[in-house]
Amino acid sequence: MIFLISLSSHADLHKVSLQLKWKHQFQFAGYYMALEKGFYKQVGLEVEIKEAKLGINLVDEVLNGHSTYAVGRTNSLIDISQGKKIVYLAAIYQSSPLVLMALQSANIKKITDIRDLRIMLTGDKEIDAVLIAMMLSQGINYSDIQLQAHSYNINDLIQHKTDLMTAYISNEPFLLREKGIKSILFHPKNYGFDFYNDLLFTSQQTIDKDPEQVRNFKAASLEGWKYAFDHIEETVAIILNKYNSQNKSRAAYIFEANELKKLAYYHTDQLGKIERKTLEKTYEIYKILGLAKGDINLDKAIYQKTDNELNLNYQELKYLQAKKVINMCVDPDWLPFTHLKNGDYTGISADIYKLIKEELPIPLKVIETQSWSQTITFAKARKCDIIDFAIKTSEREVYLNFTEPFLKVPLVIATRHEVPFIANFKSLQEQKLALLKTMLLLTY
């Protein structure tokens with residue numbers, strides 16, 4: 001059985017690499033912070049973060065083994081449909097930051113007003129797909145616009161060399177605002193097109209070879225993203241000092257961070273959330289646009305933990321690392337559930353204990369007590385970290401936190417055949433009941 005995250009010494013770090021899809025900026029801040037704050041090292045990884053180069057194919061980069069992981073676009077679904085075995089680990093942005101941008105002074109009020117206007121698109125239909133889908137949904141075809149090659153220069157808007165251009169909501173609108181110019185944005189999500197953006201992925205081969213490494217990388221990366229969004233000022237300072245290859249200003253990064261945080265948590269409170277139905281909907285749009293053919297099988301394209309793995313997050317890992325050992329107390333005399341005497345631990349609980357012990361990276365130690373009452377006393381005194389098979393009561397909630405039940409056992413009243421049916425406890429008034437001694441202790 002494989003534990004989710006291993007505890008490794010810094011001396012034996014495993015080298016992996018992450019290929020970005022663009023130049024350094026806050027868009028990739030979570031990975032920077034996972035590296036800078038030591039989250040990768042905590043799980044035994046030494047990570048090289050690689051800035052994008054012109055013409056790089058992200059999927060092939062990973063499949064050819066040049067990079068272990070990559071941050072890609074949803075058009076990689078087309079690669080999957082062609083049999084390329086990559087696996088998505090997380091979707092960092094729940095909605096695409098790609099928009100159509102125009103100057104507010106151009107008096108373009110609604111998307112249908114763009115007909116016959118000059119528009120700068122990237123020229124790559126796979127990248128522009130979400131924008132094309134938005135336009136088509138409003139009855140605008142390629143033939144209805146004057147398509148221009150993208151210059152990636154907002155001055156072309158300002159100087160009226162074009163009417164609209166594709167932009168990132170986290171970047172170009174700020175550049176215009178710095179110049180005192182207001183913009184108008186047409187966002188696909190407002191027209192029902194929510195493509196994921198910045199999909200973290202690796203190869204199936206990497207997962208097969210080292211599944212523990214993949215789980216570690218994903219967990220540490222998402223912890224890095226949480227830290228980056230929770231500490232924007234600190235993160236921006238680090239980017240300015242170490243990752244500012246584009247020479248952006250602090251104000252630009254702060255703007256980018258706040259816009260991207262909205263997209264990362266768009267309709268969710270779970271970082272990296274990835275759902276099959278969203279990917280399927282996206283792929284259907286690629287098919288409608290003639291960019292893909294045939295059906296797609298996402299069963300193996302979305303990363304899932306296996307049934308026998310503990311699903312611990314990074315904070316839980318850090319707790320275990322500091323804890324070093326977990327002490328557990330049990331009811332020493334409650335068969336068939338638990339029994340402990342002279343170090344011999346048996347019963348249903350003991351079988352579950354063995355399974356959990358195999359999964360944990362630190363020891364799980366059973367502390368012997370003489371009675372259930374002593375077990376409760378030890379729990380109150382914090383001599384035990386956990387106790388097993390405890391029944392939840394309002395009194396115990398004062399000093400214990402309860403998990404969801406992992407075993408439900410109904411307690412019943414047994415009578416002789418000739419005794420009338422017992423409908424409720426009221427019918428037991430003035431009757432004699434025989435109880436096991438351990439049952440008397442359950443609520444104490």
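Modeller: Buried here means under 20% relative accessible area, and exposed means over 50%; the model before us is predicted.

Biologist: What makes strand β5 mostly covered?

Modeller: Strand β5 covers residues 98-103, and six of its six residues are buried, each of them therefore falling under 20% relative accessible area.

Biologist: How do you know which faces of β5 are covered?

Modeller: Leu98, Leu100 and Ala102 lie on one side, while Val99, Met101 and Leu103 lie on the other, and since every one of these residues is buried, both faces count as covered. In a regular strand the side chains alternate between the two faces of the sheet.

Biologist: What makes β5 count as paired with strand β8?

Modeller: Two strands pair if at least two bridges are found between them, and four bridges join β5 to β8, residues 164-168, in an antiparallel run; the requirement is therefore met. Within this pairing, Met101 stands opposite Met165 of β8.

Biologist: And how do you know that β5 is paired with strand β9?

Modeller: Four bridges join β5 to β9, residues 183-186, again running antiparallel, and at least two are needed, so these strands pair as well. The bridge partner of Met101 in β9 is Leu185.

Biologist: Why is Leu407 called partly exposed?

Modeller: Its relative accessibility is 39%, and because that value lies between the 20% and 50% cut-offs, Leu407 is partly exposed. Leu407 is placed in the loop between β16 (386-387) and α16 (437-440).

Biologist: What makes Leu407 eligible for a nonpolar patch, and which residues form that patch?

Modeller: A patch residue needs over 30% relative accessible area, and Leu407, at 39%, therefore passes that cut-off. Together with Ile348 and Phe406, Leu407 forms a nonpolar patch on the surface, with about 270 Å² of accessible area together.

Biologist: Why are β12 and β14 called edge strands?

Modeller: Three strands form an open sheet in the order β12-β13-β14, with antiparallel pairing. The strands β12 (333-334) and β14 (344-346) each pair on one side only, and they are the edge strands.

Biologist: How do you know that β12 pairs with β13?

Modeller: Two bridges join β12 to β13, residues 338-341, in the antiparallel sense, and because at least two are required, the pairing holds. Trp334 has Thr338 of β13 as its bridge partner.

Biologist: Why is helix α1 described as largely enclosed by the rest of the structure?

Modeller: Six of the eight residues in α1, residues 29-36, are buried, so the helix is largely enclosed; the buried residues are Ala29, Gly30, Tyr31, Tyr32, Met33 and Ala34. After α1 comes Gly38, with a positive phi near 80 degrees.

Definitions and conventions: Residues are numbered from 1 along each chain as its sequence is written. This is a predicted model: local features need pLDDT of at least 70, side-chain atom pairs count only at pLDDT 80 or more; totals for chains, interfaces and linings use all residues. Side-chain values use heavy atoms; hydrogens and water are left out. Buried means under 20% relative accessible area, exposed over 50%, partly exposed in between (1.4 Å probe, protein chains only). Patches are made of residues with over 30% relative accessible area and no salt bridge: like charges are joined within 9 Å, nonpolar side chains (Val, Leu, Ile, Met, Phe, Trp, Tyr) within 5 Å. Accessible areas come from the Shrake-Rupley method with a 1.4 Å probe; for residues, only the protein chains shown count as cover. A salt bridge is a side-chain nitrogen of Lys or Arg within 4 Å of a carboxyl oxygen of Asp or Glu.
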